[in-house]
Amino acid sequence: MEYTRLGSTGLQVSRICLGMMSYGTPSWREWVLDVDASRPLVRSAVEAGITFFDTADGYSLGVGEEVTGTLLREFFARRDDYVLATKVFFPMSDRPNDRGLSRKHIMASIDGSLRRLGTDHVDLYQIHRWDPETPIEETMEALHDVVRAGKARYIGASSMFAWQFAKAQATADLGGWTRFVSMQDHYNLIYREEEREMHPLCLDQGVGVIPWSPLARGRLARLPEERTTTRSGSDPIADNMYTESDDAVVRAVAEVAKGRDLPLAQVALAWMLHKEAITAPIVGATKPGHIEDAVAAVGVELSDDEIAALEAPYVPHPVLGHQ
């Protein structure tokens with residue numbers, strides 16, 4: 001495993017981040033694994049050198065954080081040996097203040113997350129989306145207070161427009177508050193719209209990029225005719241994000257993978273790791289091979305010609321993933 005700084009901070013993270021959305025309770029999503037089924041996968045990630053883990057309060061409505069905290073305490077002797085990230089925004093119940101980025105919800109949510117995770121702080125506390133109903137000044141000051149209270153070491157943001165991210169950073173500067181150090185955005189070989197505005201902004205501002213869905217919810221890991229997983233058959237979000245027109249990109253990945261005798265997933269992740277803006281893709285894993293491919297991708301060097309071949313079939317998309 002390789003390690004790198006998160007943006008311009010001094011925080012060292014593994015080049016692969018393990019996404020913990022797949023671990024919690026199958027009553028939330030049928031493809032989610034319970035704690036016992038999750039244990040060997042998280043153990044495998046730790047043994048491979050992964051030290052960066054990303055969850056959210058909304059995953060399995062809190063159970064995901066409970067599973068994450070339980071397993072990380074099992075596999076790490078010291079809290080300082082891993083980097084733990086969680087998120088706030090999505091509804092946790094039907095109650096009107098149990099959602100969004102108000103001061104009330106942020107303050108309640110960080111305490112709830114810490115309780116479920118079984119720790120006194122998270123390393124990275126992220127807003128899961130932009131909240132159009134809350135003034136950004138209120139959100140940034142509340143996040144600053146979370147950091148000042150020692151409950152989070154850094155703060156990060158997730159999918160939004162570049163102008164919104166720039167506004168949030170400028171608001172923090174004007175208020176003398178903590179700035180975001182990371183952007184968790186939707187980015188992969190099928191969806192590259194973040195290259196237009198967000199990634200140049202992050203490079204300019206020293207913000208680390210930790211993309212979600214680097215394999216396009218599994219589409220980049222197998223040929224179209226091979227999509228038979230539980231998730232692929234019960235993932236309406238993916239059905240609304242990707243179409244058959246994107247299959248040309250998948251076949252380009254397959255061609256490069258065939259020439260290298262590598263799995264498709266390794267090639268797609270290696271492409272992303274070659275991008276200057278990228279700190280660490282967030283990879284989900286429900287089978288041991290998923291972790292093996294992600295870790296192996298760190299060592300795959302692609303040629304300029306291979307990168308060009310992978311990028312050639314790309315078709316521009318409408319903005320996806322901000323909701």
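These exercises work through the overall build of a predicted model and then one residue in it.

**Exercise 1. Work out how compact the protein chain is for its 323 residues.**

Solution. Start with the secondary structure: the protein chain holds 11 helices and 10 strands. Next, take the radius of gyration, which is 19 Å, and set it beside the 20 Å that the globule rule gives for 323 residues. The two values are close, so the protein chain is as compact as a globular protein of that length. For the dimensions, the C-alpha trace spans about 55 × 40 × 35 Å along its principal axes.

**Exercise 2. Describe the burial, contacts and surface of the protein chain.**

Solution. Of the 323 residues, 58% are buried. Then consider contacts between residues at least 6 apart in sequence: 77% of these join residues at least 24 apart. Finally, the accessible surface is about 13,600 Å², and carbon and sulfur atoms account for 50% of that area.

**Exercise 3. Find how far apart the mean positions of the positive and negative charges are.**

Solution. Count the charges: 33 are positive and 47 are negative. The mean positions of these two sets lie 4 Å apart.

**Exercise 4. Place A257 in the structure and decide whether A257 is buried or exposed.**

Solution. First locate the residue: A257 belongs to helix α8, which covers residues 247-260. The relative accessibility of A257 is 2%, and the cut-off for buried is under 20%, so A257 counts as buried. Leaving out residues up to four places away in sequence, A257 touches L262, P263, L264 and V267. As a last step, compare positions with E306, which is 49 residues from A257 along the chain: their C-alpha atoms are 9.8 Å apart.

Terms used: Residues numbered from 1 in each chain as written. Predicted model: local features only at pLDDT ≥ 70, side-chain atom pairs only at ≥ 80, totals over all residues. Heavy atoms only, no water. Helix = DSSP H or I, 4+ residues; strand = E, 2+ residues; numbered from the N terminus. Rg over C-alpha atoms; globule rule 2.2 N^0.38 Å. Buried < 20%, exposed > 50% of the residue type's maximum accessible area, 1.4 Å probe, protein only. Contact = heavy atoms within 4.5 Å. Areas by Shrake-Rupley, 256 points an atom, 1.4 Å probe, with all protein chains shown as cover. Lys, Arg positive; Asp, Glu negative; His and termini not counted. Charge placed at Lys NZ, Arg CZ, Asp CG, Glu CD.
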